Amino acid sequence: MSRWNAWFSFVVWIAIASPTLLAAPTTSPARGCIVFLGDSITDGNTYPLLIHQALTEAGKPAPLCINAGIGGNTAADMRKRIDRDILAHHPTLVTISAGINDVLHKVPDADYDADVTAIAERLTKEHIPLIVLTTSVLDAKHADADKKLEDYNAILHRIAQKYGAKVAEVNALMQQARTGGTEVLEEDHVHPNFAGQQLIARAVLDALGNKDVPLPQKLKLELWPGVVRDWQIRIAGDKEAALDGQTVQTVKVDDRFKTVHVPVQEKQTQWWLDSERERGFVVGLDKIVGPGRLFIGVATIESPAARKTYINTGAGLQSIWLNGQLIFKPDRGVWNGWHAGRERIPVELKAGSNSVVIETGREFFLSVTDSDRW
């Protein structure tokens, strides 16, 4: 399943510079922790945020919600990253949303069954409770695949029963809404729109035993903790080589750079991308800075003392250099998702000013937190 068009601009480069305000982390190790395993429907981070907001507004304990969605993933892909993206966060509960990519790629029932079963079995051995989400729906453009989802959902119910997992009845709620005339999908015919994301959140809340908790009608949008707020950004030339240990030392802010403050003020026409903007993603650099696919620049992080901390990535970041040292560069051709905190990189800041240089696409996210649990 392809991500929304905006998600594909991660192939661009950037570097950045200017003072940064650090917000305090909002997490506590004692809080319950839900890891949301899934594909791009999860990666967009709408229904996990709706769940957290609903519980908070109802005055109920709100768990730490960690996104483990990666666009394009099948159940087989999710199975491969249990240790890295689930167990590493020490969750008290895991939800799994898998099936749309599988059905669109015509994954055989037996293979889909084996992959979801392997995930459920591993979590059972680790004594981690599981909520299985039935699939979302597809529209008339994918009528055959939508019909095939009945078989997948029967498999999911069978696995949930075998391993004592609760079921979030996403498909049934979406089918009911669609029958009643509610549009639940985006124009791409695959991804749930906001109404569809609300239904996913409703199904999970019900599975959690919170049928009495009202569903938010609007997302409460605020910056993620520790977002780096101030940047200087310029376009990277078409013939400009990627930064290395020597050229990163020569990056200096000059008249080619433009100041960008987070949250950027340029609103996006697509509701989801505009929500990400308000949460601290820098979006639309080709409009803010100028037409281009790659961008370069520097930012400054102030720290009152030397301390260990985490740099968190998202969207189109391609490399991060801290005080001249490379701390992040994804494996070539590997996509780890869009969501904020897809990588949570332990680093040590020095006392005073710390230089951050990044390379990115048209959209990126970068924050600094004292903990990797936020």
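This passage describes a sheet, a pocket, the cavities and two buried residues in a predicted model.

The sheet is open and has five strands. Their order is β2-β1-β3-β4-β5, with parallel pairing. Strands β2 and β5 (166-168) form the edges, each pairing on one side only. On average, neighbouring strands of this sheet are turned by 20 degrees against each other, direction ignored. At one end of the order, β1 (residues 33-38) and β2 run parallel and are joined by six bridges. Within this pairing, Leu37 stands opposite Ala68 in β2. At the other end, strand β4 (residues 130-133) pairs with β5 in the parallel sense over three bridges. Here Val132 stands opposite Val167 in β5. Helix α2 (residues 46-57) lies across four strands of the sheet, namely β1, β2, β3 (93-97) and β4. The helix runs at about 155 degrees to β1.

Strand β2 pairs on one side only, yet this strand (residues 64-69) is mostly covered. Six of its six residues are buried. In a regular strand, side chains alternate between the two faces of the sheet. Both faces of β2 are covered. Leu64, Ile66 and Ala68 are buried on one side. Cys65, Asn67 and Gly69 are buried on the other. Ala68, the partner of Leu37 across the pairing, thus belongs to the set with Leu64 and Ile66.

Strand β2 also contributes to a pocket. The second largest pocket holds about 280 Å³ of space. Of the 16 residues that line this pocket, the closest to its centre are Arg84, Asp85, His89, Arg342 and Glu343. Both β2 and α4 (82-85) supply at least two residues each to the lining. The most comes from β2, with three residues. By class, the lining divides into five nonpolar, five polar and six charged residues.

Enclosed space was examined next. Rolling a probe the size of a water molecule over the atoms shows where empty space is left. A search of the whole structure finds two cavities of 30 Å³ or more. About 70 Å³ of space lies in the largest cavity. Its lining consists of Asp39, Ile41, Ser97, Ala98, Gly99, Ile100, Leu133, Thr134, Thr135, Ser136, Val170 and Ile200. These residues divide into six nonpolar, five polar and one charged.

Two further residues were considered individually. Arg279 is found in helix α10 (residues 271-279). Its relative accessible area is 3%. Arg279 therefore counts as buried, the cut-off being under 20%. Beyond residues up to four places away in sequence, Arg279 touches Gly44, Leu49, Leu219, Leu221, Glu222, Leu223, Trp224, Val227 and Phe365.

Trp321 has its place in strand β9 (residues 307-322). Trp321 has a relative accessibility of 6% and so counts as buried. Residues up to four places away in sequence are again left out of its contacts. Trp321 touches Leu243, Asp244, Gly245, Val248, Leu326, Ser355, Val356, Val357 and Glu359. One of these contacts, Val248, is 73 residues from Trp321 along the chain. The C-alpha atoms of Trp321 and Val248 are separated by 7.8 Å.

Definitions and conventions. Residues are numbered from 1 along each chain as its sequence is written. This is a predicted model: local features need pLDDT of at least 70, side-chain atom pairs count only at pLDDT 80 or more; totals for chains, interfaces and linings use all residues. Side-chain values use heavy atoms; hydrogens and water are left out. Buried means under 20% relative accessible area, exposed over 50%, partly exposed in between (1.4 Å probe, protein chains only). Two strands pair if DSSP finds at least two bridges between them. Contact means heavy atoms within 4.5 Å. On a 1 Å grid over the protein atoms alone, a cavity is a set of points where a 1.4 Å probe fits but cannot get out, and a pocket is an open set with protein on both sides within 12 Å along at least five of seven lines; lining residues have an atom within 4 Å of a point. Grid points are joined across faces, edges and corners, and a volume is the space filled by probe spheres set on the points. Ala, Val, Leu, Ile, Met, Phe, Trp, Tyr, Cys and Pro count as nonpolar, Asp, Glu, Lys and Arg as charged, and the others, Gly among them, as polar. Axes are lines fitted to C-alpha atoms, for helices over the stretch in contact, and angles run from 0 to 180 degrees between N-to-C directions.
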